[in-house]
Amino acid sequence: MTRAMVLVTGANGEIGRSLLKALAEDRGYDVVTLDLTPLPDSLRPFVTASYAGNIMDRFLLDQIAAHHEVDGVFHLAALLSTRGERDPELSHQINVEGTLNVLRMAQNQSSRLGRPVRFLFPSSIAVYGLPSLDKKRSIGRVREEEWNVPITMYGCNKLYCENLGRYFTFHARQLGALSGASRLDFRALRFPGLISAETVPAGGTSDFGPEMIHAAARSIPYACFVEPDAAIPFMVMPDAVRALLELARADRDALSSCVYNVGAFSCSAQKIADQVRKAFPRAEIRYEIDPVRAKIVASWPQDIDDSRARSDWAWAPAYTLERAFDDYLLPGIGKGAV
């Protein structure tokens, strides 16, 4: 039986490295990667081909599609939230125009193959925008269609790309000679803050949790940029990768949406600090509040409602906060993160 060929953009990133290993273990996929930097030697055995280049390069994307029968895309390449606030125009270029380039390539590939290319897109809780801490604390869990008024460029980018993906799935080329061509099959996950034992955080506004953990493991003092009671949902990387793969495999007819919340556990900076100090008694953690970053975190839900994912494709996280530390973070982080 022919194995599916998937393209992973942003393969050198936090999610990408873990996803490549999971795809290799799955044995159901041949993998092509694209990243700004060459794939490290340690990951090359997991892939069929790798390309160093930019998602802004439409010619390169077309060349990849011409040389490989790509019938699935995991589009992970993005500029994260903190850097996006410092350079909003660059954020828009990479997160919107770059995503549009990859969507265009996948749409054209769908037309060539005569079947929809499955397009997996990691979105974010940054698409939400709660107006105040009181409102955040009072409303509880937030559904996909609620409070879609982000206050960051990154959140605006992700929300717009969700709508682009929905358009390419149901409405693209609805006028003209190509109106009957196959469309792609876009599926997005709104991830909470992600915590990895294998990679050091790379600039997300939700990274106060993983930064705290990695600093303690390296015996480095950490200044947390949000208040002790600042709370958002989190998820460890194994659950995040599994969610991507499970949604990728789901029957389209079983899906009631293109966009899904996925949750695991919700906790405050203080609760993470308590777990860190339990694991690393000498950890030095203090609070130096960054008003802007703290305001952004305050605008994100304290918890999300992922009942749609649980109903449509049987999503269920494997890790609570306690299990995340005991069974994943502490055993894994001691091996050294990159």
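# Exercises on a predicted model

The side chains of E246 and R242 form a salt bridge, with N and O 2.9 Å apart. The model is predicted. Work through each task with the structure open.

## Exercise 1: Salt bridges in helix α8

**Task.** Find out how far apart E246 and R242 are in helix α8, and which residue forms a salt bridge with D239.

**Solution.**

Step 1. Count along the helix. E246 and R242 are four residues apart in α8, so about one helical turn separates them.

Step 2. Turn to D239. Its salt-bridge partner is R242, and the closest N and O atoms are 2.8 Å apart. Both residues lie in helix α8, which spans residues 237-249. They are three residues apart, about one turn of the helix.

Step 3. Put the two pairs together. R242 meets D239 in one salt bridge and E246 in another.

Step 4. Sort the three residues by accessibility. Buried means under 20% relative accessible area. D239 has 1% relative accessibility, so D239 counts as buried. R242 has a relative accessible area of 26% and is partly exposed. E246, at 22%, also counts as partly exposed.

## Exercise 2: A salt bridge between helix and strand

**Task.** State which elements hold E162 and R190. Then decide: is E162 buried or exposed? Is R190 buried or exposed?

**Solution.**

Step 1. Check the pair. The side chains of E162 and R190 meet in a salt bridge of 2.7 Å, N to O.

Step 2. Place the residues. E162 is in helix α6 and R190 is in strand β7, so the salt bridge ties together parts 28 residues apart in sequence.

Step 3. Apply the cut-off of 20% for buried residues. E162 has 1% relative accessibility and therefore counts as buried. R190 has 3%, so R190 counts as buried too.

Step 4. Set this pair in the whole structure. The total number of salt bridges is 22.

## Exercise 3: The sheet

**Task.** Give the strand order of the open sheet of seven strands. Then explain why one side of β3 and of β11 is left without a neighbour in the sheet.

**Solution.**

Step 1. Read across the sheet. The order is β3-β2-β1-β4-β5-β7-β11, and the pairing is parallel.

Step 2. Look at the edges. β3 (49-52) and β11 (259-261) stand there, each with a single partner strand, so one side of each has no neighbour in the sheet.

Step 3. Check the twist. Neighbouring strands are turned by 20° against each other on average, direction ignored.

Step 4. Zoom in on one edge. Strand β7 (residues 185-191) runs parallel to β11, and three bridges join the two. L189 has Y260 in β11 as its bridge partner.

Step 5. Add the helices. Helix α4 (residues 88-113) packs on the sheet and touches β1 (4-9), β4 (72-75), β5 (118-124) and β7. The direction of α4 makes about 175° with that of β4. Helix α6 (residues 153-170) packs on the sheet as well, touching β5, β7 and β11. The direction of α6 makes about 155° with that of β7.

## Exercise 4: Cavity and pocket

**Task.** State how much space lies in the largest cavity and in the largest pocket. Then name the element that gives the most to the lining of the largest pocket.

**Solution.**

Step 1. Start with the cavity. The structure holds one cavity of 30 Å³ or more. The largest cavity has about 40 Å³ of space.

Step 2. List its lining. Among the lining residues are H75, I94, F121, N157 and C161. Helices α4 and α6 each supply at least two residues of this lining.

Step 3. Move to the pocket. The largest pocket has about 1100 Å³ of space. Its lining has 45 residues, and G13, L76, A78, L79 and L80 lie nearest its centre.

Step 4. Find the main contributor. α1 gives the most to the pocket lining, with four residues. Other elements that each supply at least two residues include β2 (29-35), α3 (81-86) and β8 (193-195).

## Exercise 5: One loop residue

**Task.** Locate P116 and name its contacts beyond four places in sequence.

**Solution.**

Step 1. Find the loop. P116 is between α4 and β5.

Step 2. Check accessibility. P116 has 47% relative accessibility, so P116 counts as partly exposed.

Step 3. List the contacts. Leaving aside neighbours within four places in sequence, P116 touches S110, R183, L184 and D185.

Step 4. Compare sequence with space. P116 and T169 are 53 residues apart in sequence, and their C-alpha atoms are 8.5 Å apart.

Methods
Residues are numbered from 1 along each chain as its sequence is written. This is a predicted model: local features need pLDDT of at least 70, side-chain atom pairs count only at pLDDT 80 or more; totals for chains, interfaces and linings use all residues. Side-chain values use heavy atoms; hydrogens and water are left out. Two strands pair if DSSP finds at least two bridges between them. Axes are lines fitted to C-alpha atoms, for helices over the stretch in contact, and angles run from 0 to 180 degrees between N-to-C directions. Contact means heavy atoms within 4.5 Å. A salt bridge is a side-chain nitrogen of Lys or Arg within 4 Å of a carboxyl oxygen of Asp or Glu. Buried means under 20% relative accessible area, exposed over 50%, partly exposed in between (1.4 Å probe, protein chains only). On a 1 Å grid over the protein atoms alone, a cavity is a set of points where a 1.4 Å probe fits but cannot get out, and a pocket is an open set with protein on both sides within 12 Å along at least five of seven lines; lining residues have an atom within 4 Å of a point. Grid points are joined across faces, edges and corners, and a volume is the space filled by probe spheres set on the points.
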